[in-house]
Amino acid sequence: MKFIVGNWKMNGTLSDKEALFKSLKNLHTDNKVVVCLPFILLGGNDYGITLGAQDVSEHDNGAFTGDISGQMLKDADVKYVVVGHSERRANHNETNAIVKAKATAAIKNGIIPIICIGETTEEKNSGRTMTVIKKMLLESVPAKGEYIVAYEPRWAIGSGKIPTSDEIAMAFETISKALHSIKRSDIALLYGGSVNAKNAAQIASIKNVDGLLVGGASLKSDTFLPIIKSVE
Ligand code: PEP
């Protein structure tokens, strides 16, 4: 069983959701499939698909216009939430401390956070990938509770570029060792960044890779279903 997590980002309509969920409902798979939708598309889940969100507030309630709390997500039957995606870190100035607070809020409400980490092109080119991702990881994960970590090199997201298998293996070893050092060898690890039906099986077979986080290719069944099938 691998996790296959779709991240729709700010894309999709109700009819796109209906079409994908209908095809997922008819799919027999041992994989754990999760679809992280924009907030507005989360309500209603006639097909019983595992729902994820793309952000959560670190606060429980109050004067935080535009934010959504863990309690609200729980009410909408959300089981997972992406926190610290590189687009939020870059566009909304989310620091490791904020990501940790959001992950902690999710756990408090019974939702499993998928905590994203990953280096920029500049960090990669200067040979700092391992140092950067280790620091991001250790500063972003909550002190306790169930969570998932997604390694997403920023330069690989939406670019069609992916790291070599050796680079992925090295990053996952660094992450596994860092988690081991804080006594969290139980954490599932995902790879994300330009996953498609051609590269999914190879990436998912790399040591320590427990699943995939899929952006663009998760929007339509003709690109998402072949990924799910290919990693079985
Ligand atoms: C993502 O948004 O997390 C992602 C991995 O995007 P893409 O698959 O489109 O690169």
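This briefing covers the barrel, the helices packed on it, and the cavity and pockets of the structure above. The model is predicted. Its eight strands form a closed barrel with parallel pairing. A search of the whole structure finds one cavity of 30 Å³ or more. The largest pocket holds about 470 Å³ of space.

**Barrel**

- The strand order is β1-β2-β3-β4-β5-β6-β7-β8, and the barrel is closed.
- From one strand to the next, the twist averages 25 degrees.
- β4 spans residues 78-83, and β5 spans residues 112-117.
- These two strands, β4 and β5, pair in the parallel sense over four bridges.
- Val83 has Ile115 of β5 as its bridge partner.
- As background, strands of a sheet pair through backbone hydrogen bonds, either parallel or antiparallel.

**Helices on the strands**

- Helix α6, residues 129-140, lies across β5 and β6.
- Strand β6 covers residues 148-151.
- The direction of α6 is at about 155 degrees to β5.
- Helix α9, residues 221-230, packs on the sheet.
- α9 touches β1 (3-7), β2 (32-36) and β8 (211-214).
- The directions of α9 and β1 make an angle of about 165 degrees.

**Largest cavity**

- The volume of the largest cavity is about 40 Å³.
- Its lining includes Gly84, His85, Ser86 and Arg89.
- Cys116, Ile117, Gly118 and Met136 also line this cavity.
- Glu152, Arg154 and Ile157 are further lining residues.
- Helix α3 (86-91) and strand β5 each supply at least two residues of this lining.
- By class, the cavity lining has four nonpolar, four polar and three charged residues.

**Largest pocket**

- About 470 Å³ of space lies in this pocket.
- The pocket is lined by 21 residues.
- Closest to its centre are Phe39, Gln54, Asp55, Arg88 and His92.
- α3 gives the most to the lining of the largest pocket, with three residues.
- α3 also supplies at least two residues of the lining of the largest cavity.
- The pocket lining divides into six nonpolar, eight polar and seven charged residues.

**Second largest pocket**

- The second largest pocket has about 210 Å³ of space.
- Its lining has 16 residues.
- Gly158, Ser194, Val195, Gly215 and Gly216 lie nearest the centre of the second largest pocket.
- Five nonpolar, nine polar and two charged residues make up this lining.

Definitions and conventions. Residues are numbered from 1 along each chain as its sequence is written. This is a predicted model: local features need pLDDT of at least 70, side-chain atom pairs count only at pLDDT 80 or more; totals for chains, interfaces and linings use all residues. Side-chain values use heavy atoms; hydrogens and water are left out. Two strands pair if DSSP finds at least two bridges between them. Axes are lines fitted to C-alpha atoms, for helices over the stretch in contact, and angles run from 0 to 180 degrees between N-to-C directions. Contact means heavy atoms within 4.5 Å. On a 1 Å grid over the protein atoms alone, a cavity is a set of points where a 1.4 Å probe fits but cannot get out, and a pocket is an open set with protein on both sides within 12 Å along at least five of seven lines; lining residues have an atom within 4 Å of a point. Grid points are joined across faces, edges and corners, and a volume is the space filled by probe spheres set on the points. Ala, Val, Leu, Ile, Met, Phe, Trp, Tyr, Cys and Pro count as nonpolar, Asp, Glu, Lys and Arg as charged, and the others, Gly among them, as polar.
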